[in-house]
Amino acid sequence: MGKSLNGKELGKNICQRKDGTYMARFINRFGKRQTIYAKTLNEIRTKLRKELYNDEKEINVITTDITLDEWYKIWLNTCKQGCRSSTKGTYATHYKRIQSDLGWRKLTSLNLIVMQEAINKLCSDNARKNSKKILVDMLEKAIDTDLLTKNTAKQIVTDLDKKEKKERRVLTIGETKQFLTQADGTFYYNLFELALETGMRIGELCGLQWEDIDFQNKMLYVNHTLCYFSNDGKYVFEMHDTKTNNGKRTIPLTEKAIKALKRQKIQKQEIRIKGKAAPEGYEDLVFITKNNKPTQQFLVQESIGLIIKKIQRDNVDFETFTPHTFRHTFATRALENGMQIKTLSRLLGHGDIQLTMNLYCHVTEDTLIEEMRKMEQCV
């Protein structure tokens with residue numbers, strides 16, 4: 001039993017300090033001694049009852065002092081330790097968007113309104129979604145560590161733009177022919193053809209090595225992806241395994257794909273003959289720059305942009321697209337030609353058929369016309 005300065009019994013866990021302040025202590029569920037202060041006896045008793053109730057119901061946290069910035073460093077270095085460097089760089093980009101508004105705040109003060117206001121300032125729904133994902137995962141791990149009791153970040157609204165969402169760009173058969181005709185003879189023509197014939201991601205194409213290609217059995221093995229990212233302010237290349245086991249896959253090669261690869265082999269030999277040496281560790285890459293260096297998405301995108309500009313001189317309605325459009329186009333052509341969705345999903349490296357259905361099942365204008373003609377024939 002604690003006592004007041006005049007010797008009065010105050011009750012279990014309560015005492016009065018020499019300066020007159022009342023103090024209560026107890027061992028909480030985390031095994032830590034928790035101390036509470038108040039100016040009056042009634043106030044200290046009320047506070048103590050509240051903290052004991054919270055402890056019993058497990059709605060208290062191990063500490064209320066840690067800020068979001070402090071937790072972000074712990075989360076990134078501990079919870080995400082196994083992530084590749086490029087992925088950590090992506091996390092940093094998404095976190096920096098909200099850091100100035102939220103980083104200095106304590107985890108326990110991050111209510112929905114505070115977080116929503118920070119998210120609302122971002123420039124697009126996509127940026128908002130990515131930053132929300134980081135927040136949700138960080139706070140979920142904070143709950144598991146007893147730093148929080150609930151994850152209010154899950155309730156953040158990210159779809160604020162009233163603009164109609166654009167259908168993902170897919171090249172029609174006519175557009176594909178037009179693009180390849182204009183691209184013929186350009187440096188990355190073989191990469192374009194292989195992308196359209198395999199549906200490979202741009203990182204997988206950039207990381208493709210000659211040892212991954214079996215010309216005799218007409219097979220291509222996707223084992224790696226080449227990442228290009230900022231590391232301490234300097235952009236670097238890193239060869240990584242595919243993100244998931246499903247990403248490692250075997251793709252049967254079409255005749256067009258084989259011809260493109262054989263042309264690429266000759267093209268690379270010509271670059272070597274000119275005395276251009278490859279960086280150590282990247283000697284076996286299939287697709288490279290004119291200087292025999294690893295290539296990356298920006299350079300491929302730049303090449304696509306120049307080709308599209310030439311097409312637009314005669315066809316102003318030809319819309320621009322990214323290297324990922326080749327993947328969507330491959331998937332669309334495959335389905336149009338009767339490929340089973342499960343087979344397509346495996347070729348694309350998806351573990352979930354639903355993902356293939358949601359992302360890659362497009363309907364082009366060509367398909368609409370063809371299907372309506374079938375309807376006419378039934379009449």
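Is glutamate 193 buried or exposed? Glutamate 193 is buried, at a relative accessible area of 10%. Here buried means under 20% relative accessible area, exposed means over 50%, and partly exposed lies in between, with a 1.4 Å probe and protein chains only.

Some ground rules. This is a predicted model, in which local features need pLDDT of at least 70 and side-chain atom pairs count only at pLDDT 80 or more, while totals for chains, interfaces and linings use all residues. Residues are numbered from 1 along each chain as its sequence is written, and side-chain values use heavy atoms, with hydrogens and water left out.

Back to glutamate 193. Its side chain meets that of arginine 263 in a salt bridge, 3.2 Å from N to O. Arginine 263 is in helix α9 and glutamate 193 in helix α7, so the pair ties together parts 70 residues apart in sequence. Arginine 263 is partly exposed, at 33% relative accessibility. By salt bridge I mean a side-chain nitrogen of Lys or Arg within 4 Å of a carboxyl oxygen of Asp or Glu. Helices (H or I, at least four residues) and strands (E, at least two) are DSSP runs, numbered from the N terminus.

By that rule the count is 15 salt bridges. Another one pairs glutamate 204 with arginine 249, at 2.7 Å from N to O. Helix α8 holds glutamate 204 and strand β10 holds arginine 249, so this pair ties together parts 45 residues apart in sequence. Both of these residues are buried.

Next, lysine 218 and glutamate 255, whose side chains form a salt bridge at 2.8 Å, N to O. Lysine 218 sits in the loop between β6 and β7 and glutamate 255 in helix α9, 37 residues apart, so distant parts of the chain are linked. Lysine 218 is partly exposed at 38% relative accessible area, and glutamate 255 is partly exposed at 44%. Elsewhere, Lys80, Asp137 and Lys141 are joined into one network by salt bridges that share partners.

Now the sheet. β6, β7 and β10 form an open sheet of three strands in that order, with antiparallel pairing. The edge strands, each pairing on one side only, are β6 (213–214) and β10 (249–252). Two strands pair if DSSP finds at least two bridges between them. β6 and β7 (residues 219–222) have two bridges, in the antiparallel sense. Methionine 219 in β7 is the bridge partner of aspartate 214.

On to the nonpolar cores. A core is a set of buried Ala, Val, Leu, Ile, Met, Phe, Trp, Tyr and Cys residues joined through side-chain atoms within 4.5 Å. The largest has 47 residues, and those with the most contacts inside it are Phe179, Phe192, Leu194, Leu208 and Phe326. Elements giving two or more residues to this core include α6 (173–183), α7 (189–198), β7 and α11 (324–336). α7 gives the most, with six residues. Leaving out residues up to four places away in sequence, leucine 208 touches ten residues' worth of neighbours listed in the model, among them Leu194, Ile213, Leu220 and Phe287. Let me put that more plainly: leucine 208 touches residues including Met200, Tyr221 and Leu261. Contact means heavy atoms within 4.5 Å. A second, separate core of 28 residues includes Leu68, Ile98, Leu135 and Ala153.

Last, the cysteines. The structure holds zero disulfides, a disulfide being a pair of cysteine sulfur atoms within 2.5 Å. For cysteine 79, the nearest cysteine sulfur is that of cysteine 83, 9.9 Å away. Cysteine 79 is partly exposed at 34% relative accessibility, and cysteine 15 is partly exposed at 25%.
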